[in-house]
Amino acid sequence: MFTQKRNKVKIFYANYLGYKPVVNEQGYETGANEAMYTEPQEFWTHVSPNRGRRDEWQFGDNLNYDKLIFDTTVPFDEKSILWVDQLDTTKPHDYTVSRVAKSLNHVHVAIERIDLRDV
C-alpha cells in the first residue's frame, strides 16, 4: 500500500567514495582528511513526515533518527548523505543515514537531520 507512486517524494543522495588528504598552500599534507562523495543523484521514495513511535523499535532503543525512508530497494548505504527537506544540491546536505534495516520485501532507512549552516 505504501509503495504507490503517488506517495513518493523526490530526494537526492550522494554515496561515500572514500577520503583524500587535505593539503596546505605549499602542497604538504596537513594530517586531516576530507570525505569524497559521488555527484548527487535523484531518487523518488517514501519519507515519513516525522520520527516513528517509540514502540516500533525496529532500529533498537538508542538510535537517534528524525525521519524514516522506506521502499523496496534503496541505492545508498549508511555512509551516504541526503538532501531531503531542501533539494538544492549546491547547498550542504541536510540529512545523514543513521541505519539501514533490510527485510525480505522492504528496506527501512533511519535518517538524522544535521545542521551545516556554519560550514
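**Exercise 1.** Find which residue of β4 stands opposite isoleucine 11, and place the pair in its strands.

*Solution.* Start with the partner: phenylalanine 43 in β4 faces isoleucine 11. Next, the strands: β1 (residues 9-14) and β4 (residues 41-47) run antiparallel, joined by 5 bridges. Strands here are DSSP E runs of at least two residues, numbered from the N terminus, and two of them pair if DSSP finds at least two bridges between them. Last, zoom out: β1-β4-β5-β8-β7-β6 is a closed barrel of 6 strands with antiparallel pairing.

A word on the source: this is a predicted model, where local features need pLDDT of at least 70, side-chain atom pairs count only at pLDDT 80 or more, and totals for chains, interfaces and linings use all residues. Residues are numbered from 1 along each chain as its sequence is written, and side-chain values use heavy atoms, with hydrogens and water left out.

**Exercise 2.** Work out what threonine 73 touches beyond its neighbours within four places in sequence.

*Solution.* First locate threonine 73: the loop between β5 (67-71) and β6 (81-83) holds this residue. Then list its contacts (heavy atoms within 4.5 Å): Phe43 and Val107, once those sequence neighbours are set aside. Now check a C-alpha distance: threonine 73 and histidine 108 are 35 residues apart along the chain, with 9.0 Å between their C-alpha atoms.

**Exercise 3.** Describe the hairpin of β2 and β3.

*Solution.* Take the pairing: β2 (residues 16-23) and β3 (residues 29-37) are antiparallel over 6 bridges. Pick a pair: proline 21 sits opposite asparagine 33 in β3. Finish at the turn: 5 residues lie between the strands, and glycine 27 has a positive phi near 95°.

Conventions. Helices (H or I, at least four residues) and strands (E, at least two) are DSSP runs, numbered from the N terminus.
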